[in-house]
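Biologist: Please take me through this model term by term. I'd like to hear how each label is earned.

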Protein chains: 2
Amino acid sequence: MTTKQNTLFVGSLAKGLRLLRAFDESHTELSLSDLAHRSGLDKSATQRLANTLHVEGMLDKDPVTRRFRPSHAWLQMAYAYYWSDPLVGQTIPKLISLSQEIGETVNLAEMSGDHIIYVSRLPCKRTYFAATIIGRRLPALSTSAGRAMLATFPEAERIAAVDNWPIIQFTPSTTLDRNNIRGSVERAVHDGFAISTGQMILNEIGVAAPIAGHDGRALAAVQCSVSAHTWTHEQIISDLLPRIQDTANSISPSFQAQRGFYCDPAS
Amino acid sequence: MTTKQNTLFVGSLAKGLRLLRAFDESHTELSLSDLAHRSGLDKSATQRLANTLHVEGMLDKDPVTRRFRPSHAWLQMAYAYYWSDPLVGQTIPKLISLSQEIGETVNLAEMSGDHIIYVSRLPCKRTYFAATIIGRRLPALSTSAGRAMLATFPEAERIAAVDNWPIIQFTPSTTLDRNNIRGSVERAVHDGFAISTGQMILNEIGVAAPIAGHDGRALAAVQCSVSAHTWTHEQIISDLLPRIQDTANSISPSFQAQRGFYCDPAS
DNA sequence: TTCATGGTATTATAATATGATACTTGAAGC
DNA sequence: GCTTCAAGTATCATATTATAATACCATGAA
């Protein structure tokens, strides 16, 4: 094993990254053997790599339980990311204004392959934990932001995406029917925004407007999540949507580099 | 070079991490040779490691400029971190309430060695970019949060910290005089909170209250940044402080694991 | 054109990571 | 209190793997 490609690929580094990826929402604190199991590496390899990550400050180690946890370095990586993403700098102040204005949670989402990722979040109301923290990746087809962005893609791409991109059922009302999703996306093509209901959590409504790229193709979106208990569809359209769209339109991704698409190293 | 310790230390992995650390606020997009220079590795090593990081999805590569940038994976690491930090989950809802109540930017800071790191931020007003994003690490002695936490440490530790921990001058009014800082910390011991003025940016006032740990020692703090143009010292004490302290006191770090302190692998 | 810089590809070499094994610790069960 | 087991730690001979020198190929400047 270990050989993925040759000579330009450093296996040990890749294995180390596998250890980092072993941590997620349901695996927050891992023992050596947990790490070994989850990464698929043997005990010795795990031992050496985990120790290296610990010495280098990427993993904290509880001196008594001997379990590993993500260190503060993981947050510093987000810090570095923010500076490198040209969109974030000009978007955050506008998101702040928007959230103050409408008093609801607003997010900046970006396309990341066939998923979206929440890059910036400004929670205003109490809500479930995952909705308040950045870096969450969700299947694009199941989110208002994903559909709003996809709607700006050329028709052939849209069709292919709706047919092939992944969907996961989060709630009983998560849409699994791809024809249904196609309808939602095509409506967004016409309307210039997307609305979704109860996709990630029940009684949650998402509204999203795309941030147009240089060629019209959106790689980001301004998104807003509200409760179906306090907002009707009509109120959202009349009170929320205009401000969300204004915000999205005021952001010009000058030169927006592609993200999430690999440039094949073999080219 | 390369040998740091033996047999339990995987050099290639450590070198790969050095490439990741080459990115920061002023180095957001690096070419192969930039990476080589900044990491101190030779051209070949940089090539192999950077390629590996790219293939593994940790670095995006602009197909035309051939420059590398942090990928979305860097945000996902923050996501995993949040789940692993036991404080964040119970703190965020309370920070949201607090920020809605006072209408000012509130932060959750944690001690990270001799620095503090902003773990969670809820910006309410337009401010400078670095103050709106998470993961920023600052010398503890130069921040209200750092001083508030330090004030909960045993006297001997406080003294040593004020004498030895690093200070960097950010503004003309950043306090460089350690006696002055000692005064501020000792005042915080008595008051149970810390206030600082113009340490990171001019006309900015920081107020912080410690979140007590199981043994009284605080490893986190609730912090609030306001403008000296709109708030007087007295107003802050009477209007802001009580609510900040209430919030901090309502958070019980049940069992708070140590962070940022290495448990010596040789032990 | 030539030169220089930066990125890419190849290769022989040995240094490095490997993983089997043995040792240590501590908690669970009897 | 003793045994057992699982999990963490340490060691070491081996060859697999990373290395770094070099050559190659673009691109842009002089």
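Modeller: Happily! A polar contact is a pair of N or O atoms within 3.5 Å; within protein, one must be able to donate a hydrogen and the other to accept it, and residues adjacent in sequence count only if both atoms are side-chain atoms. This is a predicted model, where local features need pLDDT of at least 70, side-chain atom pairs count only at pLDDT 80 or more, and totals for chains, interfaces and linings use all residues. Residues are numbered from 1 along each chain as its sequence is written, chains are lettered from A and ligands numbered from 1 in the order in which they are written, and side-chain values use heavy atoms, without hydrogens and water.

Biologist: What makes L32(A) a polar contact of DNA strand D?

Modeller: A polar backbone atom of L32(A) is 3.2 Å from a phosphate oxygen of DNA strand D, and the limit is 3.5 Å, so the pair counts. Bases of DNA strand D take part as well: one base nitrogen is 3.0 Å from an N or O atom in the side chain of Q47(A), and a polar side-chain atom of S44(B) lies 3.3 Å from a base nitrogen.

Biologist: Which residues come closest to DNA strand D?

Modeller: Those are G11(A), S31(A), S33(A), R66(A) and R48(B), out of 19 residues that surround DNA strand D; "near" asks for a heavy atom within 4 Å. Of the atoms of DNA strand D within that distance of the protein, 59% belong to sugar or phosphate and the rest to bases. The surface near DNA strand D divides into four nonpolar, nine polar and six charged residues.

Biologist: How do you know that R48(A) makes a polar contact with DNA strand C?

Modeller: An N or O atom in the R48(A) side chain is 2.5 Å from a phosphate oxygen of DNA strand C, and 2.5 Å is within 3.5 Å, so the term applies. The side chain of D42(A) has an N or O atom 3.2 Å from a phosphate oxygen of DNA strand C, while K43(B) offers a side-chain N or O atom 3.1 Å from a base oxygen. R48(A) is also one of the nearest of the 18 residues around DNA strand C, along with G11(B), S31(B), S33(B) and R66(B). Sugar and phosphate make up 57% of the atoms of DNA strand C within 4 Å of the protein.

Biologist: Why are β5 and β6 of chain A said to stand at the edges?

Modeller: Strands pair if DSSP finds at least two bridges between them. The open sheet of chain A has six strands in the order β5-β4-β3-β8-β7-β6, with antiparallel pairing. β5 (137–139) and β6 (194–197) of chain A each have a single partner strand, so one side of each lacks a neighbour in the sheet.

Biologist: How many bridges join β7 and β8 of chain A?

Modeller: Eight, between residues 204–211 and 220–227, which run antiparallel; eight satisfies "at least two", so these strands pair. Within this pair, E204(A) stands opposite S227(A). In chain B, β3 (residues 105–112) and β8 (residues 220–227) pair antiparallel over six bridges, with N107(B) opposite Q223(B).

Biologist: What makes the relation between the chains a two-fold axis?

Modeller: Superposed by least squares on C-alpha atoms of residues with pLDDT of at least 70 in both, chain B lies on chain A with an RMSD of 0.0 Å after a turn of 180° and a shift of 0.0 Å along the axis. That is the relation of a two-fold axis. In chain B, the C-alpha of L13(B) comes closest to the rotation axis, at 2.2 Å.

How values were computed. Helices (H or I, at least four residues) and strands (E, at least two) are DSSP runs, numbered from the N terminus. Ala, Val, Leu, Ile, Met, Phe, Trp, Tyr, Cys and Pro count as nonpolar, Asp, Glu, Lys and Arg as charged, and the others, Gly among them, as polar.
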